[in-house]
Amino acid sequence: MFHELTVRAVRRETPDAVAISFDVPEALASEYAWKPGQYLTLRADVAGADTRRSYSIASMPGAPLTVGVKRVVDGVFSTFAQDLKPGDRIQVMPPEGRFCPRGEASVVLIAAGSGITPMVSIAAEALARGADVTLIYGNRDTGSIMFRDALDALKDRYVDRFTLVHILSREPQDVDLLNGRITGDKVLALGRAGAVDLTGADGVYLCGPGGMIDDVSAALTGVGVPEDRIHFERFYTEEAGPRPERSAAAEAAAQTGVAVEVVLDGARRSFRVEAQDDNVLDAAARAGLELPYSCKGGMCCTCRCMVAEGSAEMAVNYSLEPWELEAGFTLACQARPTSEKLVLDFDAA
Ligand code: FES
């Protein structure tokens, strides 16, 4: 599932963020065809540990495959990635993710910090097909704005259809409404001021910290934006609390042990989940079987699979949407069996 790609270019976006582009060999071109809003999982041996992280694609349509990586405090991979240079080779999984525009005629994009990364390609694609786009983009100060040149270029090109609103938390701007952090109240105030049409938008896309997404989503539904028009992507949850305990059913199953079968790339493999395993992914790793994963935190969806037989609960879920839960999907990194036998199909679309 991973292929080794060559780093084509590294562009410094801010003092702590880079845009990394890859060369994709002709033979892999169809596998690495991407949609705006998707992400790549990168993998490298960092200080002796197999480390992988997901980063959103920030390419303009037709441009080289590019991701944005912002250094996070104590971030092992994001720090490592700052020093990548052209010619380096790195393991990359083909594009994944469903945070993709749906052909809407008007979209509102709301991003904080590195949450801008998928918005660059989403905005470019939507503008290119004639949509109206409003982007509300929050940062500390001007110096921490990622993809500023790309956004300015879009603004110049689509002056009538692209509205770009910068919100800065530590650099005063003349208009008071543009100061501070992105919150639900702030977004509604921007709507009242006429800077953005929230209820008229066909789709609202949010990317950033979980707290921002929850607050803004609640504010939007509170003013009548239908839930099915609100889409979000969260890659980190700074407010994640202690890991939930297993339910009684999951505890009982774990104590007796659960026979698990997985279907992956057409092959069937078996292993057991025992009391020592927090989730199916951990149990598979203990059995020497590598299942797809990236964040291990319920955020990226790389480990998404279908419960084909039996049942499982998730410790946390920050990425599967209600329809996916209804259809029977789960996240292997969070799945705890609640039945004696569990069959998970990773090939299910
Ligand atoms: S590995 Fe990211 S959600 Fe499971």
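This report describes the fold, the domains, two sheets and two selected residues of a predicted protein model.

## Overall architecture

The secondary structure of the protein comprises eight helices and 18 strands. Its radius of gyration is 21 Å, close to the 20 Å that the globule rule gives for 349 residues, so the protein is as compact as a globular protein of that length. Along the principal axes, the C-alpha trace extends over about 65 × 50 × 35 Å. Buried residues make up 40% of the 349 residues. Among contacts with a separation of 6 or more, 67% join residues that are 24 or more positions apart.

## Domains

The domain assignment divides the protein into domain 1 (3-92), domain 2 (106-233) and domain 3 (248-345). Between the C-alpha centres of domain 1 and domain 3 there is a distance of 28 Å. Four residues from domain 1 and four residues from domain 3 take part in the contact between these two domains. On the domain 1 side, strand β4 (residues 49-56) supplies the largest share, three residues. By character, the residues on this side of domain 1 comprise no nonpolar, two polar and two charged.

## Two open sheets

One open sheet consists of five strands in the order β9-β8-β7-β10-β11, and its pairing is parallel. Strands β9 (162-168) and β11 (230-233) each have a single partner strand and stand at the edges, so one side of each is left without a neighbour in the sheet. Direction ignored, neighbouring strands of this sheet are turned by 15° against each other on average. Within the sheet, strand β8 (residues 132-139) pairs with β9 in the parallel sense through seven bridges. Thr134 is placed opposite Thr163 of β9.

A further open sheet of five strands follows the order β13-β12-β18-β14-β16 and has mixed pairing. Its edges are formed by β13 and β16 (329-331), each with a single partner strand, so one side of each has no neighbour in the sheet. From one strand to the next, the twist averages 35°. The pairing of strand β14 (residues 304-309) with strand β18 (residues 341-345) is antiparallel and runs over three bridges. Glu309 faces Val343 in β18.

## Two residues in their surroundings

Lys70 belongs to strand β5 (residues 65-70). This residue has 21 C-beta neighbours inside 10 Å and therefore counts as buried, since the cut-off for burial is 20 or more. Apart from neighbours within four places in sequence, Lys70 is in contact with Asp16, Ala17, Ser78, Gly113, Ser114 and Met146.

Ala267 is part of strand β13 (residues 267-273), one of the edge strands of the sheet with mixed pairing. Ala267 has 8 C-beta neighbours inside 10 Å and therefore counts as exposed, the cut-off for exposure being 12 or fewer.

Each of these residues can also be set against a partner in the chain, as tabulated here.

| Residue pair | Separation along the chain | C-alpha to C-alpha distance |
|---|---|---|
| Ala267 and Ile90 | 177 residues | 27 Å |
| Lys70 and Ser247 | 177 residues | 37 Å |

The pair Ala267 and Ile90 is thus listed at 27 Å, and the pair Lys70 and Ser247 at 37 Å.

Terms used
Residues numbered from 1 in each chain as written. Predicted model: local features only at pLDDT ≥ 70, side-chain atom pairs only at ≥ 80, totals over all residues. Helix = DSSP H or I, 4+ residues; strand = E, 2+ residues; numbered from the N terminus. Rg over C-alpha atoms; globule rule 2.2 N^0.38 Å. Contact = placed C-beta atoms within 7 Å. Domains from an automatic or database assignment. Nonpolar A, V, L, I, M, F, W, Y, C, P; charged D, E, K, R; others polar. Pairing = 2+ DSSP bridges. Axes fitted to C-alpha atoms, helices over the stretch in contact; angles between N-to-C directions.
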